[in-house]
Amino acid sequence: MSDFQTSTHRSKWIFTPHDLMQKYQVSNQRAARTLHQYGTTRMEVDIDGSLSHPKPQFDSFPKPLSTEEEQLMRVFYEHKIQEACGAFKFPRKIQATAITYFKRFYLQWSVMEHHPKHIMLACVYTACKVEENHVSAEELGKAIQQDYQSLGFDLIVYAPYRCVEGFIDGMEDYCRGKNDKLHMLQETAKLVVDEAMLTDAPLLFPPGQLALAALRKANAVHKVVDFPRYLEHIHSRRQRSNHVMSELIECLNAIDDYSVMELETPSAKEDLRHTDRKLKACLDPSSQEDSKKREKKSKHKTRKT
């Protein structure tokens, strides 16, 4: 698992930044067109089992979310996945698998079509099942409303954490004995991977490269090995082409740059509430009308007082 090259199976879910952005835009535009046509992105199940959109009940339709607002919602709920897994003391592999499921789901769907709150819970629950970690659906919440088959992706996920462990085992041989700092290096690298999992990096780079980038960053803190020489060592055991080695270093640099640019924790709660209200209105326009009525009643009571 410590191999930094990607296999055919793993490369199925690795994209270029351009392709990734295009996928997000396609799903966003599709949801916006549906909203403009039907006034809602919610689907209803007919008696014969077919799906259809409900008839518009209001004259004015909600405004669609922008791709930036969708990204804000995705990042917020990816943080929630990490928090939930931490609260249940799940292994990091489950956390990484759940986040990967979540990312892959929204390569095909817009958050306007499926609320991230429901998908988040479904992803955590499915990750626990796949990784054979027992947890009941009631423990995670009763909000799981999606059919797992609709997720449409492979259930086997290769996370960077196992790659980190593989490289650490190799470093013991490279250092010719047990190094007391290797444990600290491993734990710091796992924290770096935690941060990287909240970006689009897992969809752009294979797990082995993410692990190497995390170890390089952690090694800059603990200074366990001469990392350039270590890269040359593992490269000489797997490849002979200097061109491939230069490409690997470029990828590690790109992962570092990408993580710095992309890791933005949603901090403005008011902006997030505004986006969440827009999202609820897209899925259920009646919620927007009810909200307006409550605001009117509240203003009326205030005036009376």
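**Figure 1. Glu78 and Lys103 pair up in a salt bridge.** In this predicted model, the closest N and O atoms of Glu78 and Lys103 are 3.2 Å apart; a salt bridge here is a side-chain nitrogen of Lys or Arg within 4 Å of a carboxyl oxygen of Asp or Glu. Glu78 belongs to helix H3 and Lys103 to helix H4 (residues 92-105), so this pair ties together parts that are 25 residues apart in sequence. Helices (H or I, at least four residues) and strands (E, at least two) are DSSP runs, numbered from the N terminus. Glu78 is buried at a relative accessible area of 4%, and Lys103 counts as buried at 4% relative accessibility. Buried means under 20% relative accessible area, exposed over 50%, and partly exposed in between (1.4 Å probe, protein chains only).

**Figure 2. Glu69 and Lys278 form a salt bridge.** Here the closest N and O atoms lie 3.0 Å apart. Glu69 sits in helix H3 (residues 67-87) and Lys278 in helix H13 (residues 269-283), so the pair ties together parts that are 209 residues apart in sequence. Both Glu69 and Lys278 are buried.

**Figure 3. Glu83 and Lys80 form a salt bridge within helix H3.** The closest N and O atoms of the two side chains are 3.5 Å apart. Glu83 and Lys80 are about one helical turn from each other, because they are three residues apart in H3. Glu83 is partly exposed, with a relative accessible area of 48%, and Lys80 is partly exposed too, at 32%. For the wider setting, the structure holds nine salt bridges.

**Figure 4. Helix H4 packs against helix H5 (residues 116-130).** The axes are 8 Å apart and the angle is about 135°, which makes H4 oblique to H5. Axes are lines fitted to C-alpha atoms, for helices over the stretch in contact, and angles run from 0 to 180 degrees between N-to-C directions. Angles under 35 degrees count as roughly parallel, over 145 as roughly antiparallel, 65 to 115 as roughly perpendicular, and the rest as oblique. From H4, the residues that meet H5 are Ile94, Thr97, Ala98, Tyr101, Phe102 and Phe105; their partners in H5 include Pro116, Ile119, Met120 and Cys123. By class, this contact (heavy atoms within 4.5 Å) has 13 nonpolar, two polar and no charged residues. Ala, Val, Leu, Ile, Met, Phe, Trp, Tyr, Cys and Pro count as nonpolar, Asp, Glu, Lys and Arg as charged, and the others, Gly among them, as polar.

**Figure 5. His115 lies in the loop between H4 and H5.** His115 counts as buried, at 8% relative accessibility. Leaving aside residues up to four places away in sequence, His115 touches Tyr77, Tyr106, Asp276, Leu279 and Leu283. The C-alpha atoms of His115 and Arg74 are separated by 9.8 Å, with their positions 41 residues apart along the chain.

**Figure 6. Gln186 has its place in helix H8 (residues 182-196).** Gln186 is buried, with a relative accessible area of 15%. Not counting residues up to four places away in sequence, Gln186 touches Val164, Glu165 and Ile168.

**Notes for all views.** Residues are numbered from 1 along each chain as its sequence is written, and side-chain values use heavy atoms, with hydrogens and water left out. Local features need pLDDT of at least 70 and side-chain atom pairs count only at pLDDT 80 or more, while totals for chains, interfaces and linings use all residues.
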